[in-house]
Amino acid sequence: FVSLSNYRITTNEIMNTPKRAVVVGATNGIGKAISCRLAADGFSVVAVGRNKEGRADEIVKNLTECSLAAKKSEQDATTQHEFRPCDAFSLEQVKECAAGIVRDHSKIDALVMTQGMATIQGFTPTSEGNDEKLTLHFWSRAAFAALLLPSLRASSMPGGPVVMTILSGGVHSPYTKYKEDPELRKKYSVKNAADGAGFYSDLFFDKLAKQPSNQGINFIHSAPGFVSSNWGTEMPFYLKAPVRFMQKLGGKSPSKCASFMVEPILQCASGDIGLVRPSSTAQGLFIMNEDATSGKLTKLHTEEAIESVWDTAGKVLGKAGVSLDDGTCNN
């Protein structure tokens, strides 16, 4: 394990090289902390999240302050932050948001996705008919990654660009009903929803990472650990109260979590990534534990499961006009 301060020193030395990161779920919690940390390390941040009055100015102001606090001087003219509104419950909005980012930014060096929710609700359809929780935790993330590929492939970071989905890497169990109930419409449960999103993330991003045109991109599925954030806001009061108590008792701060989550991004900004792929393979997905060490895939991570989930994702995203063939929007 190498001290994170070493990466900050290294990245400070290359701050004159413009770098851009897209952070989805950047309005609070882990996503907000990661955005600030990346801004402090010289990245121009495209913060994506739900909109409300005054939020855009608030987010940009906070990111500018993060940049200035690190540099202790006037903000570098090449470091400019922005806010992009998007309700990730809607794959149509995800498509529109991602298309706008690609249109305005031909090069992206990092994509970090943290959007999510913690509830005990059953299958709850979005306006497009997909489950809310699975949409935030997987469908929307798969769509963002696929749609931003053209700009990610254009990155010139020494260690290659990074796509990170922060959910349950190395922690979740396999979802065994991925063929008989792929969208969790028949036997929905809190556990199945959690395992499904985590298992699907492993399989989908591993497939994406192994495509020849994407082999210069570092795809990572990470787990944040127990964080003292606003996680569980949607829970009923009788569950939210004990969760808040445990968070205060043993949860790490969002900023401490962020310091681990950004490690591979800062490594790639100055050299090679420090993670090792499962089974030490030369291609494919990285799994990252909460302390930025390398994690493992589930025992059911097979080629058959990969192809099955890829097919399901293609059908779900295809209804919103997102193609997995080349990461483009269908009109």
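Which residues does I220 touch, not counting residues up to four places away in sequence?

## I220 and its neighbours

Keep in mind that this is a predicted model. Leaving out anything up to four places away in sequence, I220 touches V162, V163, M164, T165, P264, I273, L275, L285, F286 and M288. You'll find I220 in strand β6, which covers residues 218–222.

I220 has 1% relative accessibility and counts as buried, because the cut-off for that label is under 20%. One of its contacts, V163, sits 57 residues away along the chain, yet the C-alpha atoms of I220 and V163 are separated by 6.1 Å.

## Strand β1 and its partners

Now on to β1, residues 19–24. Five of its six residues are buried, so the rest of the structure largely encloses this strand. One pairing partner is β2 (residues 43–49), joined to β1 in the parallel sense over six bridges. To get from β1 to β2, the chain goes through helix α2 (residues 29–40), and this β-α-β crossover is right-handed.

β1 also runs parallel to β4 (residues 110–113), and four bridges join that pair. V22 is a handy residue to pick out here: it stands opposite V46 in β2, and it also stands opposite L111 in β4.

## The disulfide and other cysteines

How many disulfides does the structure hold? There is one, formed by C36 and C66, with their sulfur atoms 2.0 Å apart. The torsion about the S-S bond is about -105 degrees, so this disulfide is left-handed. It links distant parts of the chain: C36 belongs to helix α2 and C66 to helix α3 (residues 55–71), and the two cysteines are 30 residues apart.

Are the two partners buried or partly exposed? C36 is partly exposed, with a relative accessible area of 26%, while C66 counts as buried at 7% relative accessibility. C97 is in no disulfide, and the nearest cysteine sulfur, that of C86, is 4.5 Å away. The cut-off for a disulfide is a pair of cysteine sulfur atoms within 2.5 Å, so C97 and C86 don't make the list. C97 is buried at 7% relative accessibility, and C257 is buried at 0%.

## H137 in helix α5

Next, have a look at H137, which is found in helix α5 (residues 132–153). H137 has 10% relative accessibility and counts as buried. Its side chain reaches the backbone nitrogen of M117 at 3.1 Å.

What does H137 touch, not counting residues up to four places away in sequence? The answer is Q115, G116, M117, L167, A197 and S201. M117 therefore turns up twice for H137, in the contact list and as the residue whose backbone nitrogen the side chain reaches, with contact meaning heavy atoms within 4.5 Å.

## Helix α10

Helix α10 takes in residues 303–318, which is 16 residues. From its first C-alpha to its last, α10 reaches 22 Å, close to the 22 Å expected at 1.5 Å a residue.

Which residues of α10 are buried? They are A305, I306, S308, V309, W310, T312, A313, V316 and L317. What covers these buried residues includes α4 (91–104), α5, α6 (190–210) and β8 (322–323). The α5 in that list is the helix where H137 is found.

Key
Residues are numbered from 1 along each chain as its sequence is written. This is a predicted model: local features need pLDDT of at least 70, side-chain atom pairs count only at pLDDT 80 or more; totals for chains, interfaces and linings use all residues. Side-chain values use heavy atoms; hydrogens and water are left out. Buried means under 20% relative accessible area, exposed over 50%, partly exposed in between (1.4 Å probe, protein chains only). Two strands pair if DSSP finds at least two bridges between them. A crossover is right-handed if, with the strands pointing away from the viewer, the path from the first strand over the helix to the second runs clockwise. A polar contact is a pair of N or O atoms within 3.5 Å; within protein, one must be able to donate a hydrogen and the other to accept it, and residues adjacent in sequence count only if both atoms are side-chain atoms. The expected span of a helix is 1.5 Å times one less than its number of residues.
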